[in-house]
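Some notes on this entry follow, for use alongside the sequence and coordinates. Please read them with the structure open.

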Amino acid sequence: ELYKERRTVVARDQVPKEVVSALLAAEDADFYKHEGLDYMGMARALINSFKAGHVTGSGSTITQQVVKNLVLSPEKTFARKAKELILARRIEQAFTKDEILTLYVNAVYFGHGRYGVQEASRYYFGKDVGELTVVEAATLAGVVQSPERLSPRKHPERSRERRSYVLRQMAEKGFITEAAAKQADA
């Protein structure tokens, strides 16, 4: 614990496949296929940013999020985004996908001062990450997009809607069956 940040680092093999699948489905389903950058997502984000007149976010891969969370500031500027692109490629060359994913699951912010899947699991569900169900994994993965807006503690209805979306994405991307997604959502 450092000031208001709580983080407990866990090894990749301590994170169940349901949690990994939910995070990938919600944040970067092609993580194991690309080389750190999602060019179509970046193009969409660039168009949206130009329309808005400022960097709006989105279009980031898990590798880019690792760079933003661990190396760069969270400011939304074109200069920071350019640095992020360069560093994401370098990270992809220096680390394996599992190493990058391990960094991500331990660095991502889940709200309420909780960083990483272990602390988020303890905070929201009172158990270790290895004990999470697919429903709980989808809930956590849903929070990542906007921890303050999608917190199950502050906004349970929004959290449920986002969880439903994550479960549908998990089925659509082949991480779970359609029937399992519907059962979990119920």
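The points below take up one helix, one loop histidine and one surface patch.

1. Status of the model. The structure is a predicted model, and the remarks here should be read accordingly.

2. Helix α6. This helix spans residues 117-125, and seven of its nine residues are buried, so α6 is largely enclosed by the rest of the structure. The buried residues are Val117, Gln118, Glu119, Ala120, Ser121, Tyr123 and Tyr124; polar side chains such as Gln118 and Glu119 are therefore on the list by the criterion of under 20% relative accessible area.

3. Surroundings of α6. Which elements cover the buried residues of α6? The cover includes the strands β1 (6-7) and β2 (114-115), together with the helices α1 (17-27), α5 and α7 (134-143). After α6 comes glycine 126, with a positive phi near 70°.

4. Histidine 34. This residue lies in the loop between α1 and α2 (39-52). Is histidine 34 buried or exposed? Its relative accessible area is 14%, which is under the 20% cut-off, so histidine 34 counts as buried. Its side chain makes a polar contact of 2.8 Å with the side chain of aspartate 28. Leaving aside residues up to four places away in sequence, histidine 34 touches Asp28, Thr61, Glu92 and Lys97.

5. Surface patch. Leu70, Val71, Phe95 and Leu103 make up a nonpolar patch on the surface, and together they have about 340 Å² of accessible area. One of them, phenylalanine 95, sits in the loop between α4 (78-94) and α5 (97-107). With a relative accessibility of 38%, phenylalanine 95 is classed as partly exposed.

Notes:
Residues are numbered from 1 along each chain as its sequence is written. This is a predicted model: local features need pLDDT of at least 70, side-chain atom pairs count only at pLDDT 80 or more; totals for chains, interfaces and linings use all residues. Side-chain values use heavy atoms; hydrogens and water are left out. Patches are made of residues with over 30% relative accessible area and no salt bridge: like charges are joined within 9 Å, nonpolar side chains (Val, Leu, Ile, Met, Phe, Trp, Tyr) within 5 Å. Accessible areas come from the Shrake-Rupley method with a 1.4 Å probe; for residues, only the protein chains shown count as cover. A salt bridge is a side-chain nitrogen of Lys or Arg within 4 Å of a carboxyl oxygen of Asp or Glu. Helices (H or I, at least four residues) and strands (E, at least two) are DSSP runs, numbered from the N terminus. Buried means under 20% relative accessible area, exposed over 50%, partly exposed in between (1.4 Å probe, protein chains only). Contact means heavy atoms within 4.5 Å. A polar contact is a pair of N or O atoms within 3.5 Å; within protein, one must be able to donate a hydrogen and the other to accept it, and residues adjacent in sequence count only if both atoms are side-chain atoms.
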